[in-house]
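This briefing covers a metal site, a strand residue and the enclosed cavities. Please look over the sequence and the structure before reading on.

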Amino acid sequence: MLEVENLWVRYGTVEAVRGVSFSVPAGSIVSLIGANGAGKTTSLRALTGLVKPGAGAARFESRSLIGLAPHQVVSLGIAHVPEGRRLFPKMTVLENLTMGAYRRSRADVASTLTMIYEHFPILKERGRQRAGSLSGGEQQMLAIARALMSRPKLLLLDEPSMGLSPIMTAEVGKIIRQINALDVSIILVEQNAMLALTLAQYGYVLQTGQLVMQGKAQDLLRDEGVKKAYLGL
Amino acid sequence: MTFALFVQSAIVGVSLGSIYILMALGLTLMFGMMHIINFAHGAVYMLGAFVIYYIFFQGGAPYFAAFVASMILLGVFGYLVERSIYRPIKGGIEPTLVALLALTTFLQAAGYPVFGQLDKHVPPVFPGTRNILGVGISVERLMIIPVAAALVIALYLFINKTRLGAAMRAIEQDKEAAALQGVNVHVVNGLAFAIGFALAAASGALMAPIFKLDPMMGEQPLLKAFIIIILGGLGSVPGAILGGLMLGLIDSIVATALGAEPAFLLSFVFIIMLLLFRPTGLFGYAS
Ligand SMILES: Nc1ncnc2c1ncn2[C@@H]1O[C@H](COP(=O)(O)OP(=O)(O)OP(=O)(O)O)[C@@H](O)[C@H]1O
Ligand SMILES: [Mg+2]
């Protein structure tokens with residue numbers, strides 16, 4: 001469903017992503033793991049038009065993503081939950097959700113909202129509360145729910161476990177599985193490699209902008225190098 | 001100061017404040033979303049007044065039609081400025097400020113050969129006075145208040161109740177996150193330029209029958225609007241409204257009682273005091 005080939009991104013003189021290739025089969029969860037500054041976030045940003053790649057190709061359902069603006073990428077069916085959640089803190093929970101459906105008609109929004117509330121009952125309860133006043137876990141739930149409001153075929157999640165307690169992290173993991181079960185493909189970027197590789201079918205390991213390893217998630221979990229470098233075992 | 005004089009200058013103050021508010025709201029909207037200060041706002045005010053001169057006075061069109069034309073023409077101009085100046089600069093704040101300053105200078109300098117060296121006057125649209133609390137108030141001045149109030153309410157409803165308004169609030173809070181929800185940030189920024197310019201044009205159009213017209217006429221209200229958005233906290237709408245009213249009242253009441261220079265001085269003293277005690281302005285966020 002998504003094919004990325006030889007992607008290069010630089011910020012000024014910093015080469016953040018150097019020739020990365022990966023692919024996401026329809027219906028799967030694929031994970032990108034790596035240490036701080038490995039280029040995970042930058043790779044996602046290049047896919048959704050937040051940064052312009054210097055070279056490379058990215059095709060989603062055989063349409064090129066290169067050169068598209070973020071709003072055009074959304075229309076193709078890709079939603080991006082950015083690092084740090086990036087909610088609209090002064091808007092209410094409901095307004096944040098409505099923003100997620102910005103490009104869709106009002107009639108569609110109501111039915112999606114019903115579906116979202118089934119998965120995230122807490123967001124219904126907190127509908128009139130400002131997003132900025134939610135707890136960290138609730139904010140992450142809202143960020144994911146907001147992205148789902150566009151009814152994406154592919155969801156990009158950048159460090160959804162960041163700053164969350166182990167209990168909340170497990171909760172987020174459960175939600176990611178549920179979303180995937182609804183036939184939404186997922187790219188999961190995580191520093192928490194254990195979580196990422198437990199959820200994903202396939203994983204890619206990035207190091208200083210380059211792909212250093214890839215494989216089935218269960219194989220990566222057993223790999224001695226991965227264990228030592230990313231799983232703290 | 002007699003009671004009559006006080007009532008009169010208070011009402012003139014509110015009417016003056018209404019103009020300042022219209023100017024400041026556009027500046028605040030553009031600053032909140034793009035972090036730019038529109039130096040061209042005064043020149044747009046001036047153009048708004050000249051549209052009234054040509055379409056209403058010279059062209060003989062009804063004042064209301066000329067007023068709407070002034071807002072539309074300069075609103076379109078605002079959109080084009082976003083398109084041709086702000087967008088190509090790609091968010092660079094300093095280059096944008098320099099470009100806006102250049103645009104301002106160009107519009108003012110071009111004003112002299114185009115509009116002529118002599119001051120222009122627009123005849124009264126609403127002549128006469130009206131009795132309020134036993135005091136005669138110029139209807140021309142009075143009419144500014146409901147028109148400005150209607151524009152402020154329309155802006156409020158647009159920003160808070162419509163989809164595009166929500167997109168503006170989203171950009172103000174997080175431009176990238178707004179883009180990721182599907183907002184075409186360029187178009188919505190262009191809309192903010194259009195609204196800001198249209199409000200400045202409305203201010204100029206309302207003042208055209210009251211003050212003389214010349215290419216530099218926008219500098220004074222622009223300065224006031226700058227003061228107000230600092231006073232009210234950059235990007236704060238309620239702050240701009242309260243700040244505008246306060247400054248209008250100071251300008252009018254103090255100027256009537258003590259003269260124009262003390263009023264000018266006092267408004268600065270007032271701001272310095274306010275910034276000393278509340279460094280982010282009246283409604284500013286510490287962010
Ligand atoms: N806006 C920017 N300007 C300049 N350099 C940047 C910018 N954003 C990221 N970088 C650099 O690009 C490289 C890759 O950063 P990126 O954020 O993609 O890494 P990451 O894998 O997501 O890291 P983390 O796990 O800390 O989120 C780093 O060296 C970083 O310093
Ligand atoms: Mg990152």
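Which protein donors does the magnesium ion (ligand 2) have? They are A:Thr41, through OG1, and A:Glu83, through OE, lying 1.8 to 2.1 Å from the ion, where donors are N, O and S atoms within 2.8 Å of the metal (3.2 Å for Na, K and Ca) and sites may look incomplete, since water is not among the atoms. This is a predicted model, in which local features need pLDDT of at least 70 and side-chain atom pairs count only at pLDDT 80 or more, while totals for chains, interfaces and linings use all residues. Residues are numbered from 1 along each chain as its sequence is written, chains are lettered from A and ligands numbered from 1 in the order in which they are written, and side-chain values use heavy atoms, with hydrogens and water left out.

**Magnesium site**
- The two donors link distant parts of the chain, 42 residues apart: A:Thr41 belongs to helix α1 (residues 40-47) of chain A, and A:Glu83 to the loop between β6 (78-81) and α3 (93-100) of chain A; helices (H or I, at least four residues) and strands (E, at least two) are DSSP runs, numbered from the N terminus.
- A:Thr41 is partly exposed at a relative accessible area of 21%, and A:Glu83 is also partly exposed, at 32%; buried means under 20%, exposed over 50% and partly exposed in between (1.4 Å probe, protein chains only).

**A:Ala57**
- A:Ala57 is found in strand β4 (residues 55-60) of chain A, and its C-alpha lies 9.3 Å from that of A:Trp8, although 49 residues separate the two in sequence.
- Leaving aside neighbours within four places in sequence, A:Ala57 is in contact with A:Glu3, A:Val4, A:Glu5 and A:Ile66, contact meaning heavy atoms within 4.5 Å.

**Cavities**
- The whole structure holds three cavities of 30 Å³ or more, a cavity being a set of points on a 1 Å grid over the protein atoms alone where a 1.4 Å probe fits but cannot get out, with lining residues having an atom within 4 Å of a point.
- The largest cavity, of about 60 Å³, has a lining that includes A:His80, A:Arg146, B:Leu180 and B:Gln181, and β6 and α6 (136-148) of chain A each supply at least two of its lining residues.
- The second largest cavity has a volume of about 40 Å³, and A:Met115, A:Phe120 and A:Ile179 are among its lining residues; α4 (106-119) and α7 (166-181) of chain A each give two or more residues to this lining.

Methods. On a 1 Å grid over the protein atoms alone, a cavity is a set of points where a 1.4 Å probe fits but cannot get out, and a pocket is an open set with protein on both sides within 12 Å along at least five of seven lines; lining residues have an atom within 4 Å of a point. Grid points are joined across faces, edges and corners, and a volume is the space filled by probe spheres set on the points.
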